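Here's a walk through one protein model, going from how two helices pack to how far the coordinates can be trusted. Keep the structure open in a viewer as you read.

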Amino acid sequence: MANIRPIDLLLLDSIFDMNSGYVLNFSDRTMAQFFAEELNINIDDPAYRKEGTSKAKRLRYFLKTADAPTAVRTLNAPWEYREALRQQAQREETVANAHGRLLELINRIQGGPRREQAPAAHAFDRVKATQLRESLTETYLLEAKWHGTPIGNAELHAFHGKVEQKAAWTRGLFISQSGFTEDGLYAFGRGKRVICMDGLDLL
């Protein structure tokens, strides 16, 4: 089984809005349709009603009893649906580091190694600065902050949204005199179109 712990269920309750028995904006019909079409799963099966009949209770029980690969697929599909809804409504993320924490859970379910602590901002960003100097053929959107506190998820998320509205070859350069939070680097430091540079890189 996937070995979903009670603390994991608390996280999933927050991410998928399950605290009141619901799951995202699904009705019973649309949830059954989603699980059938996206995952080939009959979430209405009586076997998943052993802890209650609400959508949230059925999903929790399913995750606790599913094998690891099935649990991972079942976490990824609603996440993609959630993000499509959030972006369509242009809503800000309300769960701190939601995607990063979900990926940590998926990694543990898959038996992967525990993620190491984020590297220091200046060490990571100097690599990115080198990439910047070697990529002069690309277009860059620049934003600089001279605040006294490190830049976190919210500011980087807003900047990333601006970059995404530009041409596909556009990259973003975010300069922060006071560096970045670990959550910010995890969320936007890898695999994104945003380069993070702190004050040490300007010396």
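Before we look at any packing, a word on axes: they are lines fitted to C-alpha atoms, for helices over the stretch in contact, and the angles between them run from 0 to 180 degrees between N-to-C directions. Bear in mind too that this is a predicted model.

With that in hand, take H1 and helix H5 (residues 98-109): their axes come within 11 Å and cross at roughly 140°. Angles over 145 degrees would count as roughly antiparallel, so H1 and H5 end up being called oblique to each other. The crossing of the two is left-handed. On the H1 side, the contact is made by Asp-8, Leu-11, Leu-12 and Ile-15, while H5 brings Ala-98, Arg-101, Leu-102, Leu-105 and Arg-108. Sort those residues by type and you get 6 nonpolar, no polar and 3 charged. The spacing along each helix fits a familiar rule: an α-helix has 3.6 residues a turn, so residues three or four places apart point the same way.

Asp-8 deserves a closer look. It sits in helix H1 (residues 6-15). Is Asp-8 buried or exposed? With a relative accessible area of 6%, Asp-8 falls under the 20% cut-off and therefore counts as buried. Leaving aside residues up to four places away in sequence, Asp-8 touches Asn-3, Leu-105 and Arg-108.

H1 turns up again around H3. That helix is mostly covered, with 8 of its 11 residues buried. Among them are Leu-59, Tyr-61, Phe-62 and Leu-63, but also the charged-type names Lys-55, Arg-58 and Arg-60. What covers the buried residues of H3 includes H1, helix H2 (28-39) and helix H4 (68-89).

Now zoom out. The protein has 8 helices and 3 strands, and from the N terminus on they run α-α-α-α-α-α-β-α-β-α-β. Of the 203 residues in the protein, 44% are buried. As for contacts with a separation of 6 or more, 66% come from residues 24 or more positions apart.

How far can you lean on all this? The mean pLDDT of the protein is 82, and 81% of its residues reach 70 or more. Among the elements, helix H3 (residues 55-65) has the highest mean pLDDT, at 95, and helix H6 (residues 121-133) the lowest, at 51. Over residues 117-124 pLDDT stays under 50, yet the model has 16 contacts beyond four places in sequence for that stretch. Where pLDDT is low, the predicted coordinates should not be read in detail.

Terms used: Residues numbered from 1 in each chain as written. Predicted model: local features only at pLDDT ≥ 70, side-chain atom pairs only at ≥ 80, totals over all residues. Heavy atoms only, no water. Helix = DSSP H or I, 4+ residues; strand = E, 2+ residues; numbered from the N terminus. Buried < 20%, exposed > 50% of the residue type's maximum accessible area, 1.4 Å probe, protein only. Contact = heavy atoms within 4.5 Å. pLDDT = per-residue confidence, 0-100. Parallel < 35°, antiparallel > 145°, perpendicular 65-115°, else oblique. Left-handed = near helix turned anticlockwise from the far one by under 90°.
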